[in-house]
Amino acid sequence: MKRERVIIIGSGPAGMAAALYTARADLKPVVIVGNQLGGQAAITHEIENYPGFKSISGPELIENMKEHAEHFGAEFVFDMVESVDFTSGSPFTVKTYQQTYLADAVIVTIGADPRKLNIPGEKEGIGKGVSYCGTCDGFFFRGKDIVVVGGGDTAVSEAIFLTRFAKSVTLVHRRDTLRAGVPLQKRFFENEKIRTIWNSTVEEIGKDAAGIVNSVRLKHLVTGEVTTMPTEGVFVFIGHDPNSPVFGDQIALNDDGYVITDARYHTSVEGVFAAGEIQDQLWRQVATSVGQGTGAAMSAIHWLDERADALQKLDAPAAVAGD
Ligand code: NDP
């Protein structure tokens with residue numbers, strides 16, 4: 001078993017910031033990367049709202065963050081957490097596929113994953129026309145007619161991005177107004193390659209004999225009318241689900257599965273902290289995640305310092321009367 005001062009679970013912007021701050025505090029943090037270095041930011045084509053960068057690609061920003069944290073002594077381990085045991089307090093057990101760690105403090109920054117539609121044809125269509133990442137897969141849809149599902153910032157910005165490749169993009173939204181911010185909406189409605197189908201849901205994704213996506217079955221939620229529309233790709237951007245199942249009943253989660261923290265990022269377990277999209281259902285920005293990761297790291301540093309003082313006092317010889 002490897003004993004560490006701080007284990008950071010997850011390597012998105014929150015984990016990167018936590019790694020930098022704990023590394024600069026000389027705690028030699030170990031970052032368990034997860035299945036994607038940098039999390040969702042790493043698969044974002046262009047980031048225009050991280051202060052100091054008018055425009056930077058997600059992979060470049062993440063690489064910069066990693067190098068920065070490594071420069072001060074953070075170690076990145078390309079592994080996944082299988083289970084944790086927080087029940088007996090610090091040191092905590094963190095079991096990955098390759099190693100079991102004991103950690104004095106843990107910072108959870110494991111993020112959230114794209115939500116699925118859970119409709120027939122979706123699962124089988126992954127890699128054959130169904131995608132959750134425009135940056136990753138847009139290139140494969142050059143000259144094709146595709147569908148985007150969702151009405152938030154992600155769906156709208158990805159729909160715009162996908163027009164670089166696709167012949168046409170049809171956005172299917174379950175309401176008649178978009179949730180996305182106004183500046184994005186302006187660019188969306190001005191784009192001649194995009195059209196919108198309102199008040200509708202995708203009920204099923206159809207495929208050809210080779211299993212390649214070739215249509216969607218749509219239901220109009222006002223009239224109830226069901227239609228089939230040919231398409232060569234379906235991109236789903238309908239929000240995210242937190243990656244909290246690995247924590248089971250070890251820390252308190254809210255009804256949606258997000259980790260509950262106080263304002264200083266303490267979870268329900270003393271010595272375990274959480275930051276970024278695993279605990280923030282609302283903002284979900286690179287900038288806010290970085291701030292939260294920083295806060296969680298500073299809380300962890302203070303907590304470890306206070307604990308070291310307390311342990312030192314316990315170890316100190318009892319004062320003799322007259323000293
Ligand atoms: P959101 O939760 O904001 O939007 C999800 C969209 O999907 C909504 O329009 C919702 O519909 C729709 N939806 C949800 N479930 C279903 C379903 N089962 N079937 C059909 N449609 C469904 O998620 P986003 O990923 O878009 O954004 C998350 C956060 O990240 C937001 O805070 C956003 O502002 C932020 N963000 C910011 C960006 C930026 O550039 N500033 C870029 C990307 C994200 P309905 O509207 O009816 O609820």
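**Close-up 1. Polar contacts to the ligand in a predicted model.** An oxygen atom of the ligand sits 3.0 Å from a side-chain N or O atom of Arg174. Two nitrogen contacts follow. A polar side-chain atom of Asn49 lies 3.3 Å from a ligand nitrogen. For Gln285, a polar side-chain atom is 3.5 Å from a nitrogen atom of the ligand. The protein covers 74% of the 910 Å² of accessible area that the ligand has on its own. A polar contact is a pair of N or O atoms within 3.5 Å; within protein, one atom must be able to donate a hydrogen and the other to accept it, and residues adjacent in sequence count only if both atoms are side-chain atoms. Accessible areas come from the Shrake-Rupley method with a 1.4 Å probe; for residues, only the protein chains shown count as cover.

**Close-up 2. The shell around the ligand.** The ligand has 19 residues around it (a heavy atom within 4 Å). Asp153, Thr154, Arg174, Arg175 and Arg179 come nearest. The shell divides into 5 nonpolar, 9 polar and 5 charged residues. Here Asp, Glu, Lys and Arg count as charged, Ala, Val, Leu, Ile, Met, Phe, Trp, Tyr, Cys and Pro as nonpolar, and the others, Gly among them, as polar. Domain 1 (2–114 + 240–315) and domain 2 (122–236) each supply at least three shell residues. The domain bounds come from an automatic or database assignment.

**Close-up 3. The largest nonpolar core.** This core holds 37 residues. Met65, Phe76, Ile107 and Val286 touch the most other members. Strand E1 (2–9), helix H1 (13–24), helix H2 (58–71), strand E6 (100–108) and helix H7 (286–315) each give two or more residues. H7 gives the largest share, 8 residues. A nonpolar core joins buried Ala, Val, Leu, Ile, Met, Phe, Trp, Tyr and Cys residues through side-chain atoms within 4.5 Å. Helices (H or I, at least four residues) and strands (E, at least two) are DSSP runs, numbered from the N terminus.

**Close-up 4. Two buried serines, Ser11 and Ser200.** Ser11 lies in the loop between E1 and H1. Ser11 counts as buried because its relative accessibility is 3%. Its side chain reaches the backbone nitrogen of Gly38 at 3.1 Å. A polar atom of that side chain also lies 3.0 Å from the backbone oxygen of Val33. Ser200 belongs to strand E12 (residues 200–207). Ser200, at 4% relative accessibility, is likewise buried. A polar side-chain atom of Ser200 is 2.8 Å from the backbone oxygen of Trp198. Buried means under 20% relative accessible area, exposed over 50%, partly exposed in between (1.4 Å probe, protein chains only).

**Notes.** Residues are numbered from 1 along each chain as its sequence is written, and side-chain values use heavy atoms, without hydrogens and water. In this predicted model, local features need pLDDT of at least 70, side-chain atom pairs count only at pLDDT 80 or more, and totals for chains, interfaces and linings use all residues.
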